[in-house]
Structure formats: structure tokens, C-alpha cells
Number of protein chains: 2
Amino acid sequence: MTKGEETRSAVLGEAIAQASVVGLRGVTIGTLATKAGLSKSGLFAHFRSKESLQLGILEEAITRFIALVIAPSLKEARGKPRVAALLGAWKRWARSEFMPGGCIFVSAIAEIDDLEPAVRARLVEAQLDWLDTLAQAIRIAQDEGHFRKDLDATQMALEVLSLAYGHHLLGRLLRLSGPGSSERTRAPRRTSLSPAEIEARLDRAITRLFRDAQPRDAR
Amino acid sequence: MTKGEETRSAVLGEAIAQASVVGLRGVTIGTLATKAGLSKSGLFAHFRSKESLQLGILEEAITRFIALVIAPSLKEARGKPRVAALLGAWKRWARSEFMPGGCIFVSAIAEIDDLEPAVRARLVEAQLDWLDTLAQAIRIAQDEGHFRKDLDATQMALEVLSLAYGHHLLGRLLRLSGPGSSERTRAPRRTSLSPAEIEARLDRAITRLFRDAQPRDAR
């Protein structure tokens, strides 16, 4: 890597951390310069516009996602093991230390109407790729006889991803209702869950989906 | 309503519409004044700070949520009809015309780390109330014999809400992959769904959850 590439990569790492907390839109060349200890004009040399900064962050996040979630899972055995590997890798991804606010894509989807058009198009494309990868892994599991032939792979991929994203959102919310939160929020409730419980419940929901997906004679 | 209350209510309606697109954080007294055709100083008389503006928007959204989702459903028969009514009302809520960007709470949860502390606490409280209401309706359905006694009501409430929020997020994303989107995003894919299909798939997932929740002899 040249010095310029190294700086760009370090800055994008910091930007991903910020975007996971405040969204892509919340990361500005100003706040990023302060955090990265660079001058605003120095940063402008790397990212000439808000759109180019958001695209740079998104592209770096996609590169990491492919390296950390997709690539290792594609080495797993075809069928159910690969589907499980994809979901396991996604769960590790969503609690990566480099994203303190959680999955950057979930945050970005929530603000999608307010993103620059090119950024929005790239995000949609990347998420469709992810959904396709999951659906394709499920189709292979059907071919291998691990999942029922009459299963709608797109439906199952969408359902699994909805559960994962939904739990991720609700987990962010519920961890704020634990110790250290306000009196009012800590009022006694029947529904009070720790982040670990949320994750255990997501696991249970996915296990049930997997069990339901198996051919009837294998259950 | 006094003239002051009327203005406040009209401004909050506009603010909810904006927040559903850009998040609570994205609504500022400046942008709101322009849209509502009021002076910034006039608006300051109603909302003295960013925190008080965000709290005002959130409180108005909670009031509407209770009026449109909770209250009518509590009039439905105890048991499964009431659970179904809550979910049906939520789906109508999430596509209300007054929230062009979708459910304001889903957007707000995604930006939760970046909200003012009092706003965050109020959002957490309101969402815990909603989760409790759903779980309670499920417990009543268990008492009525509509759902199995050994069902974990909190688990089911969390799962249904995750599915709903996850589909809502992915629906916002996927509707951008239809006609009018960029060439690259429209590239042929196996996973391509219209918003109506997304909603039909959410319905199917919830129907399955309901069926699985029934006592075995009732299936």
C-alpha cells in the first residue's frame, strides 16, 4: 500500500465505526477529520464530496462483509452447513468491534431515503446480492436433500434475514433498558431481555426455521 | 384547541412526516420552519431545544400509535383475534400516509445511539410497552386455549416484531430495486420482490407462526 492508500484505509476504518453509530449520513468530512487527526483539506484530497465519502465507506464495508461473512462460508460444505455458516458469520459481523453501533447496513437501510442516489443504488445492489447468496445457499441445501424441495428459498432467505435484522434492531433497543438506564425505563416489566437473551432467542427462531425446512422424514 | 395548540399540532404532523424519512435527528427547527411556513423564532417559542423538539415529535407519534394501533385492537375479542388485530393495525400504521418513509419508530431505533438521552429513554420505554402489549395479548390467547400453554409469549412477541421490523426495513430497500432504479440494481436476479410481495411474505411468515402456536389438536 502507498502512504495515500494507507491513510485512506485508516480513515475509512474510523468512518465505518462512526457510520455504525450515526448512520452514513451522519459522517461528515469535518467530524471525520477531527477523529482521524487530519486536516479537512487533507481529507478533501481523498473524498471530494459527501457522495464520494459515503460511497467510499459503503464500498469498504462491502469489501469487509465479503471477506468476513461470504468468503469463509463458501468454503463450508454445500447444504445446511453453508447456510448455518452464513448466518453465524453474519451474527459475528453484527457485533464486530469495528462497528460499535452494530451492522452498518442495517443503519444505512433505515436512512435509505435520505442517502445520495448513487449510494442508495449501491446499498440496494449489495443487499440484493446478500439476499441472493443466502437464497442460493438454501437452494443448494434443497438439492442436497437437507431442506424440503417444496420450500420457497427466496421466502426463507427473506424470513431469516428479517428475523436477523429485526432482532438486531430490537437488541440495540433492549440493551438500553438494562442497568444504568433511566428509572422510568427500568420499571418492572414482564418483557425485559439482555442482549445475550435476544441473541439466544434469535438462535432459537432460526433453529425452528431450519427444523421446519427439513424434509418431513428427517425431523 | 387554542391557536397555539393548533400550530403545535400542525407542526408536529409535518415533523413526523419528515422524521419518518430522515430520522428524528434529521428534523431541525430550521428545516421544519421552512416546511411549515413559520419563522424559526416562532418555532422556538414551541420547542426550545433540539431535545424538546425530538421529544415532542416522539410523544405525538406515541399518541397516534396508541390511538391507531393499541386502542382499536384492545376492543377485539380476547385471544388470537386480538393478537391478529394488533399486527394488522401495525401493518396499516407502517404504511400510513402521514409517514411517507415508513414507521418512525423503526427509523428512530436505527439511530438510537445518536439521540438525546431523554429521547432515547422515552423511545425505549414506548417500545417495551408495545412489546409487553403484544406479549400480554399472546398470554391471553394461551389462557383462551387459542395458543399452546407451553409457548414462550415473550419469545413469540419478539419474533413477530422482529419479522415485522425486518420486513419493513427490507421492504424499503427492495422497493428501490424495481422500475425506475438504476441499471445496475435492476440486473437480473433470482431475488426480486415488489413491496406487495414483501408484505404477502410477511403475512405468510406470521400465519405460520400462528399455526405453530396453536395447540396440536387444533392444527
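Let's start with how the two chains sit together: a turn of 180 degrees, with a shift of 0.0 Å along the axis, lays chain A on chain B with an RMSD of 0.0 Å. That is the relation of a two-fold axis. Within chain A, A:G166 has the C-alpha nearest this axis, at 2.2 Å from it. Both copies use the same surface, for 100% of the contact residues of chain A recur in chain B. Please keep in mind as you look around that this is a predicted model.

Now let's take chain A by itself. What kinds of elements does chain A hold, helices or strands? It has nine helices and zero strands, so a walk from the N terminus reads α-α-α-α-α-α-α-α-α. Measured out along its principal axes, the C-alpha trace of chain A spans about 65 × 45 × 30 Å. That span is a computed value for the C-alpha trace, not an experimental one. Of the 219 residues in chain A, 44% are buried. If you consider the contacts in chain A with a separation of 6 or more, 65% of them involve residues 24 or more positions apart.

With that picture in mind, return to the place where the chains meet. Here 49 residues of chain A are in contact with 49 residues of chain B. On the chain A side, at least two residues each come from α1 (3-22), α6 (104-110), α7 (117-143), α8 (153-174) and α9 (195-213). Which helix gives the most to this side? It is α8(A), with 15 residues. Sorted by class, the side of chain A that touches chain B has 21 nonpolar, 15 polar and 13 charged residues.

Next, let's look at how helices pack inside a chain. Two packed helices are described by the angle between their axes and the distance between the axes. In chain A, helix α4 (residues 50-74) and α7(A) have axes that come within 9 Å and cross at roughly 10 degrees. Because angles under 35 degrees count as roughly parallel, α4(A) is roughly parallel to α7(A). From α4(A), the residues making the contact are A:E51, A:Q54, A:L55, A:L58, A:I62 and A:I70, while α7(A) brings A:A118, A:V119, A:R122, A:L123, A:A126 and A:T133. By class, this contact has eight nonpolar, two polar and two charged residues.

For another pair, move over to chain B. There, helix α8 (residues 153-174) and helix α9 (residues 195-213) pack at an angle of about 170 degrees, and their axes are 9 Å apart. Are α8(B) and α9(B) roughly parallel or roughly antiparallel? Since angles over 145 degrees count as roughly antiparallel, that is the description for α8(B) and α9(B). Among the residues of α8(B) that meet α9(B) are B:M156, B:V160, B:L163 and B:H167. Across from α8(B), α9(B) offers residues including B:I198, B:L202, B:I206 and B:L209. The contact of α8(B) with α9(B) has 13 nonpolar, two polar and one charged residues.

Finally, let's stop at a single residue, B:A135, whose place is in helix α7 (residues 117-143) of chain B. Is B:A135 buried or exposed? B:A135 has 23 C-beta neighbours inside 10 Å, so it counts as buried, the cut-off being 20 or more. You can also find B:D152 from here: it is 17 residues apart from B:A135 along the chain, and their C-alpha atoms are separated by 9.0 Å.

Definitions and conventions: Residues are numbered from 1 along each chain as its sequence is written. Chains are lettered from A and ligands numbered from 1 in the order in which they are written. This is a predicted model: local features need pLDDT of at least 70, side-chain atom pairs count only at pLDDT 80 or more; totals for chains, interfaces and linings use all residues. Helices (H or I, at least four residues) and strands (E, at least two) are DSSP runs, numbered from the N terminus. A residue is buried if 20 or more other C-beta atoms lie within 10 Å of its own, exposed if 12 or fewer, and partly exposed in between; C-beta atoms are placed from the backbone. Two residues are in contact if their C-beta atoms, placed from the backbone, lie within 7 Å. Ala, Val, Leu, Ile, Met, Phe, Trp, Tyr, Cys and Pro count as nonpolar, Asp, Glu, Lys and Arg as charged, and the others, Gly among them, as polar. Axes are lines fitted to C-alpha atoms, for helices over the stretch in contact, and angles run from 0 to 180 degrees between N-to-C directions. Angles under 35 degrees count as roughly parallel, over 145 as roughly antiparallel, 65 to 115 as roughly perpendicular and the rest as oblique. Copies are superposed by least squares on the C-alpha atoms of residues with pLDDT of at least 70 in both.
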